[in-house]
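Visitor: I'm new to reading protein models. Could you walk me through one, feature by feature?

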Amino acid sequence: MLSHRAIWDGIDALAQRHGHSVSALARLAGLDATAFNVSKRVSKDGRERWPSTESISKILEATGEGFDSFLAGAGAFMQTSNTAFGQTVPLLGLAQAGAGGFFDSAGFPAGEGWDEVTLPSPVDPGIYALEIQGDSMEPLYREGDRVVVSPTEQVRRGDRVVVKTREGEVMAKILFRQSAKQIELHSLNPAYEPRVLNTRDIEWIARIIWASQ
C-alpha cells in the first residue's frame, strides 16, 4: 500500500537524482513552482495531502523516468534520508520573512525565495527553518543560529515561538502570557522590553521545536 510519505519521498528523490530542487522540478514540468512545497503536503488542520496524479505524470515525463523507478527511488530516499542525511526543510532569514509573500495565512511556507537546510533526523511535514538575525534572544539564540518552526504544534505559555503580525513583522520571542484579547512576548536579552500585542493584530504564532547553533 502506498503512503503519503512514499509518494512525497519519490518526488524528493526524483528531484535529487536530476540535480534539481523540488521547486525547479515543478517548473521543469510546467507546474507552479510551489506545487511540491512542504506547505502543500499537509492541510491547515495537519492532515497529509496527496500530490495530484497529473503532477506526478508531468514530472515523470519531464525527467524521462517511469513509475517503477519513481517508487524505487522513493524507497532508497527514505532509507538514506532517515539515516545519513536527515530531512531537508525550507530555510529563510528571519528579517527577510517579514517582507511578505513567504507564508500562507496559516504560517506555512509559500512562494519562492526559500533556501534549504538538512536536519539531522526525520521530522514531521510542514515544518521549516528560520535564521536568527539580531540579538533579542541572546544568549539562547545568536545571530546566524537556525530555529525549526512548526505551524501545527499547539503553543503554550513559556514556549519559544515565532510570531508574525498583520503589519508584516516577524519575530522570535517567548510567549509569556496569552488571553483572548492580548499576547505578551518577552525577549531573553534584558535590553529589550516586553511586547504586548492585540490578538487581532497577530496573523499567526508558530512554536519553535528545535534549534541548531
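Guide: Happy to. One idea up front: Ala, Val, Leu, Ile, Met, Phe, Trp, Tyr, Cys and Pro count as nonpolar, Asp, Glu, Lys and Arg as charged, and the others, Gly among them, as polar. Also keep in mind that this is a predicted model.

Visitor: Okay, let's use that. How do the residues lining the second largest pocket divide into nonpolar, polar and charged?

Guide: That lining has seven nonpolar, four polar and five charged residues. In total 16 residues line the pocket, and those nearest its centre are Ser 136, Met 171, Ala 172, Lys 173 and Tyr 192. The space inside is about 230 Å³.

Visitor: Which strand gives the largest share of that lining?

Guide: Strand S6, residues 170-178, which supplies four of the lining residues.

Visitor: Let me zoom out. How many helices and strands does the chain have?

Guide: Five helices and nine strands. Read from the N terminus, the order is α-α-α-α-β-α-β-β-β-β-β-β-β-β.

Visitor: And how much of the chain is buried?

Guide: A residue counts as buried when its relative accessible area is under 20%. Here 46% of the 213 residues are buried. As for the outside, the chain exposes about 11100 Å², with carbon and sulfur atoms supplying 48% of that area.

Visitor: Can we go back to S6? Which strand does S6 pair with in the antiparallel sense over four bridges?

Guide: With S7. A hairpin of three residues links the two strands, and Ile 174 sits opposite His 186 in S7. S7 also runs antiparallel to S8, again with four bridges; there, Leu 185 stands opposite Arg 195 in S8.

Visitor: Why is S7 described as largely enclosed by the rest of the structure?

Guide: Just count residues: four of the five in S7 are buried, so the strand is largely enclosed by the rest of the structure. You can read S1, residues 88-93, that way too: five of its six residues are buried, so the rest of the structure largely encloses S1.

Visitor: In which sense do S1 and S3 pair?

Guide: In the parallel sense, over three bridges. Look for Leu 92, which stands opposite Leu 130 in S3.

Visitor: What about loops? Any peptide bonds to look at there?

Guide: Here's the general idea: most peptide bonds are trans. In this model, though, Glu 138 and Pro 139 are joined by a cis peptide bond, with omega about 5 degrees. Pro 139 belongs to the loop between strand S3 (128-131) and strand S4 (146-150).

Visitor: Here's another proline. Is Pro 190 buried or exposed?

Guide: Exposed means over 50% relative accessible area. Pro 190 has 76%, so this residue is exposed. Find Pro 190 in the loop between strand S7 (182-186) and strand S8 (195-198). Now try a distance: Pro 190 and Ser 136 are 54 residues apart in sequence, yet their C-alpha atoms are 8.2 Å apart in space.

Visitor: How about a residue in a helix? Which residues does Val 22 touch, not counting those up to four places away in sequence?

Guide: Val 22 touches Ile 11, Asp 12, Ala 15, Phe 36 and Arg 41. This residue is in helix H2, residues 22-28. Its relative accessibility is 14%, so Val 22 counts as buried.

Visitor: Last one: what share of the chain's contacts between residues at least 6 apart in sequence join residues at least 24 apart?

Guide: That share is 60%.

How values were computed
Residues are numbered from 1 along each chain as its sequence is written. This is a predicted model: local features need pLDDT of at least 70, side-chain atom pairs count only at pLDDT 80 or more; totals for chains, interfaces and linings use all residues. Side-chain values use heavy atoms; hydrogens and water are left out. On a 1 Å grid over the protein atoms alone, a cavity is a set of points where a 1.4 Å probe fits but cannot get out, and a pocket is an open set with protein on both sides within 12 Å along at least five of seven lines; lining residues have an atom within 4 Å of a point. Grid points are joined across faces, edges and corners, and a volume is the space filled by probe spheres set on the points. Buried means under 20% relative accessible area, exposed over 50%, partly exposed in between (1.4 Å probe, protein chains only). Contact means heavy atoms within 4.5 Å. Accessible areas come from the Shrake-Rupley method with a 1.4 Å probe; for residues, only the protein chains shown count as cover. Two strands pair if DSSP finds at least two bridges between them.
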